[in-house]
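This report describes selected helices and arginine residues, with attention to burial, backbone geometry and contacts.

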Amino acid sequence: MSIAQEINRVFRDERQHALATLIRVVGDWDVAEEALQEAFEAAVVQWPEAGVPDQPRAWLIRTARNKAVDRVRRQAWLEEKRAGLLAEAEPGDEPAYDPERPDDTAENEGCDDDIDDRLRLLFTCCHPALAPEAQIALTLRTLCGLSTEEIARAFLTPAATMAQRLVRAKAKIRGAGIPYRVPPREEWNERLQAVLAIVYLVFTEGYAATSGDALVRRELTAEAIRLARLLAQLLPGVEVLGLLALLLLTEARRDARATASGDVILLEDQDQTKWDRAQIDEGLVLVDRALRSGPPGPYVLQAAIAAVHAHAPRSDGTDWRQIVALYDRLYAIVPTPVVALNRAVAVAMCDGPAAALPLLDELVASRELREYHLLPAARADLLRRLGQTREAAAAYREALALVGNEPERRFLARRLAALEG
């Protein structure tokens, strides 16, 4: 591996963990992000000559910490000069970071042995003072490294709107003095739903990337599962167990979802021998435990749906009627258009495309998913199966205009070409 490839690997694998630690140490989101960027720039210059450090994350944190010290000192000097010029001191917040603090190992400062900095960051982003959409967006951007455009796609929101939302969220944390910590146990339930939603969205973006050349972003799915395991250790409630089960049962199918060249393989065409049986077995145990622990919530029901797929000896043996029944229960709790879309697809597998097409037409008429490429893609498939070639081709073109992921684009283009051919 070349030095450039190694630097890229470190950036990919260590950036989020280093940033989470720096935010705790520095106490300011923007300063931490800028200092870490400067540290990576220093690595690009120094590592080709000196070699990659044995502990690259610790090197980055220490270097970024020093950059932050310089930044705080420069800012303090500028404030002092300005105060002198104005002949009066202007009130302001004291820096959350102390430049005179001894430079011990930045990676471990103030950490409890059983709490990860990324988990602290997760709960900080889920503070009730922030709007739910801001909680999720900020964590996806800071903790998981998604671009503003990727988050906007996940939210079906314009990128400019999402950028403003992120700026306001960081300003709210700074202005309200929201602490960077895992809250006391009595506050966990208040934050839990937002935390679970964030972890699930991180996994979803990794498992079915909204943009880019890869169908799967394994670093995101791994991070989501790691966070879900931490939550299960801290708070092993019904929905936490359900979420972890859902992620494991879904991730188990990852290696069967694409060809060697990266092209999409539909669920019904997957080689089930490539499914990870260890993850499936663990997920099934968790589903059973969650179902026995209390009334099922949205994540437990979705995990139960994944369990039905996992139990099927082959795709044509899937109990689609049971899946439709589970989607009925899920929609009663979470009546969202995406759940309605997934239920319609299950109805098509159970009762045929003619039974499901009116359900998709209702979603088209509501326009709630007008930016979601999977709606016209699903509709195109039903129309194709019904022999309505012209209408199916139009729906495929609509989906192609919305899709951002390259493997999915190739799949839809092949389906369209087959119709037109």
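In this predicted model, helix α10 covers residues 238-251 and has 14 residues. From its first C-alpha to its last, α10 reaches 20 Å, close to the 20 Å expected at 1.5 Å a residue. Helix α10 is also mostly covered, with 14 of its 14 residues buried.

Three arginine residues are considered next, and their places are listed below.

| Residue | Place |
|---|---|
| Arg367 | loop between α15 (353-366) and α16 (374-385) |
| Arg390 | helix α17 (residues 389-402) |
| Arg415 | helix α18 (residues 406-420) |

Arg390, in helix α17, counts as exposed because its relative accessibility is 74%, and the cut-off for exposed is over 50%. The C-alpha atom of Arg390 is separated by 8.3 Å from that of Leu419, although the two residues are 29 residues apart along the chain.

Arg367, in the loop between α15 and α16, is notable for its backbone. Its phi is positive, at about 65 degrees, although Arg367 is not a glycine. Most residues other than glycine have a negative phi.

Arg415, in helix α18, has a side chain joined to that of Asp381 by a polar contact of 3.2 Å. When neighbours within four places in sequence are left aside, Asp381 is one of the residues in contact with Arg415; the others are Leu266, Arg384 and Tyr396.

Conventions:
Residues numbered from 1 in each chain as written. Predicted model: local features only at pLDDT ≥ 70, side-chain atom pairs only at ≥ 80, totals over all residues. Heavy atoms only, no water. Helix = DSSP H or I, 4+ residues; strand = E, 2+ residues; numbered from the N terminus. Expected span 1.5 Å × (residues − 1). Buried < 20%, exposed > 50% of the residue type's maximum accessible area, 1.4 Å probe, protein only. Polar contact = N/O pair within 3.5 Å; in protein donor to acceptor, adjacent residues only side chain to side chain. Contact = heavy atoms within 4.5 Å.
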